[in-house]
Amino acid sequence: MESKKTINTIIQMATSLLLGGAILYWMYRGFDIKSIGNVMLHKMNWTWMLLSFPFGILAQAFRGWRWQQTLEPLGEKPRQGVSVNSIFVSYAASLIIPRSGEIARCGILKRWEGVSFPKSLGTVVTERAIDTSLIVLITALTFLWQLPVFNRFFSSTGTRLDEILSQFSTAGWWVTAICAVAALLLIWLLLRRLSIYNKVKNTFAGLLAGIVSVKGVRNIPLFIFFSVGIWACYFLHYYLTFFCFSATSHLGMACALVTFIVGSIAVIVPTPNGAGPWHFAVKTMLILYGVASNDALYFVLIVHTVQTLLVLLLGIYGWMALALTKKRQTAKGKKQN
C-alpha cells in the first residue's frame, strides 16, 4: 500500500513537471535566455520588486490568521505562529507536489497543536469555496469594467474577436487544450481523494464540521477583512511588478487586474506554482494590451521566478520556525485521529 502511494506521488510529480516544462519549452524555444541576465541587472527596477514582497508575505499571513478564525468554532485554538508558519510551508510544499499544501498544513496543525485533521481539512474546503467566490466576483466586475474598453478598441481599429482567435497558432490551441484537460484531471483526483476520506464516518463528520465552521466565526468583519485582504495583497504583490519594467509600467490598473485574474485561473492547472500555464496566460493577455512578445516573455519569466523563490524562502523559514517550536502536549491532542 505504501509503495503504491509512493509510486502515485512520483507519477504526479513527474506529470506536473513534464507539463509545466513542456509549456515553458514551447514558449521559450529559440529565445535568448542569456539576455534575461542583462535585463535583470541593467534594465529592471528592483525597488518595485522589493516593495512587492511585503504584500506577498502578508497575503499568506492573512490566510493563517483567517484559518485560526474558522478553527475556533470547532474548539480548536492553534497558536498564531504555528498557523502562519504552516501556511508558509504549505505553499512551498505545493512547489514540489502541486496541491499538496492543503494536506501539509493540516498535518502540521495535527502534529504541533493536536488539531483534528478532518476538521482542519474541512475548514480548508470552506476557504477554497470562499476564495473561489471572491475570484468569480472580481472576474465579473473586471470584465464589466473593461468591456467598454474592449468595444472601443475593436471599433476604432476594425479588429474583430474572430480575427484575433484565427491568429492563435495551432500550438497555442494545443497548450490551451492540454491545460483544460489537466485542470479536469485535478478536479477528478481531488474528488477521488475526498471520497476516500468520506468512507470513514468520523472523518466525514470532521469534514462537515469544518465546512460549516464559518457560521460560528465570532468576528465576521475581521473574517471579511482577512478574506478580502488576502486577494488585495496577492494583487498588489503582482501589480507592483509592472513598474519594474518599462514595457509594462504604463499599462495601469485595468490591465493588471485582467492579467492577474487570467493568471489566477491558469494556476488551477497542476504544475509547480502554475509554471507554464501562468506564463502562457499572462503573456498572451499582455500582448493583447500591446506589449511586445519578447517584453512579455521577460516579464512573466522574471516575475514568476522571483515570486516563486520568495515562496520557497518563506517555506524554509516556516519549517525552521516550526522545528524550534515546542509541540503542544494536551490530553485532547493525544485523542485526535
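The exercises below work through a predicted model of one protein chain.

**Exercise 1. Describe the overall make-up of the protein chain.**

Step 1. Count the elements. The protein chain has 14 helices and 0 strands.

Step 2. Read the order. From the N terminus on, the elements run α-α-α-α-α-α-α-α-α-α-α-α-α-α.

Step 3. Check burial. Of the 337 residues, 45% are buried.

Step 4. Look at contact range. Take contacts with a separation of 6 or more: residues 24 or more positions apart account for 77% of them.

Step 5. Turn to the surface. The chain exposes about 17,800 Å². Carbon and sulfur atoms supply 70% of that area.

**Exercise 2. Find which residues make the nonpolar surface patch of about 480 Å², and place Leu 309.**

Step 1. List the members. The patch is made by Leu 309, Leu 312, Leu 313, Ile 316 and Met 320.

Step 2. Locate Leu 309. Leu 309 lies in helix 13, which covers residues 293–323.

Step 3. Classify Leu 309. Its relative accessible area is 47%, so Leu 309 is partly exposed.

**Exercise 3. Determine how helix 2 and helix 13 are oriented to each other, and which residues make the contact.**

Step 1. Take the axes. Those of helix 2 (residues 34–42) and helix 13 come within 11 Å. They cross at roughly 75°.

Step 2. Assign the class. Angles of 65 to 115 degrees count as roughly perpendicular. Helix 2 is therefore roughly perpendicular to helix 13.

Step 3. Name the contact residues. Helix 2 brings Ser 35, Ile 36, Val 39 and Met 40. Helix 13 brings Tyr 298, Leu 301 and Ile 302.

**Exercise 4. Trace the salt bridges of Asp 131 and Glu 127.**

Step 1. Start with the total. The count comes to 10 salt bridges.

Step 2. Pair Asp 131 with Arg 63. Their side chains meet in a salt bridge, 2.8 Å from N to O. This pair links distant parts of the chain. Asp 131 sits in helix 6 (residues 117–157) and Arg 63 in helix 3 (residues 46–71), 68 residues apart. Both Asp 131 and Arg 63 are buried.

Step 3. Pair Glu 127 with Arg 105. The closest N and O atoms of this salt bridge are 2.8 Å apart. Glu 127 belongs to helix 6 and Arg 105 to helix 5 (residues 101–113), with their positions 22 residues apart. Glu 127 has a relative accessible area of 1%, so Glu 127 is buried. Arg 105 counts as buried because its relative accessibility is 2%.

Step 4. Return to Asp 131. Arg 128 also forms a salt bridge with Asp 131, the closest N and O atoms being 4.0 Å apart. The two are 3 residues apart in helix 6, so about one helical turn separates Arg 128 and Asp 131.

Step 5. Compare burial within this pair. The cut-off for buried is under 20% relative accessible area. Asp 131, at 3%, counts as buried. Arg 128, at 34%, counts as partly exposed.

Step 6. Assemble the network. Salt bridges link Arg 63, Arg 66, Glu 102, Arg 105, Glu 127, Arg 128 and Asp 131.

**Exercise 5. Is Cys 106 buried or exposed, and what does Cys 106 contact?**

Step 1. Place the residue. Cys 106 is in helix 5.

Step 2. Classify it. Relative accessibility is 0%, so Cys 106 counts as buried.

Step 3. List contacts, leaving aside neighbours within four places in sequence. Cys 106 is in contact with Trp 67, Phe 117, Ser 120, Leu 121 and Val 124.

Step 4. Add a distance. Cys 106 and Ser 116 are 10 residues apart along the chain, and their C-alpha atoms are separated by 8.3 Å.

**Exercise 6. Set sequence separation against spatial distance for Trp 145 and Ala 247.**

Step 1. Take Trp 145, in helix 6. Its relative accessible area is 44%, so Trp 145 is partly exposed.

Step 2. Find its partners. Not counting residues up to four places away in sequence, Trp 145 touches Met 253, Ala 254 and Leu 257. Trp 145 and Ala 254 are 109 residues apart in sequence, yet 8.2 Å apart in space, C-alpha to C-alpha.

Step 3. Take Ala 247. This residue lies in the loop between helix 10 (220–239) and helix 11 (252–266).

Step 4. Repeat the comparison. Ala 247 and Leu 286 are 39 residues apart in sequence and 9.8 Å apart, C-alpha to C-alpha. Beyond neighbours within four places in sequence, Ala 247 is in contact with Val 291 and Asp 295.

Terms used: Residues are numbered from 1 along each chain as its sequence is written. This is a predicted model: local features need pLDDT of at least 70, side-chain atom pairs count only at pLDDT 80 or more; totals for chains, interfaces and linings use all residues. Side-chain values use heavy atoms; hydrogens and water are left out. Helices (H or I, at least four residues) and strands (E, at least two) are DSSP runs, numbered from the N terminus. Buried means under 20% relative accessible area, exposed over 50%, partly exposed in between (1.4 Å probe, protein chains only). Contact means heavy atoms within 4.5 Å. Accessible areas come from the Shrake-Rupley method with a 1.4 Å probe; for residues, only the protein chains shown count as cover. Patches are made of residues with over 30% relative accessible area and no salt bridge: like charges are joined within 9 Å, nonpolar side chains (Val, Leu, Ile, Met, Phe, Trp, Tyr) within 5 Å. Axes are lines fitted to C-alpha atoms, for helices over the stretch in contact, and angles run from 0 to 180 degrees between N-to-C directions. Angles under 35 degrees count as roughly parallel, over 145 as roughly antiparallel, 65 to 115 as roughly perpendicular and the rest as oblique.
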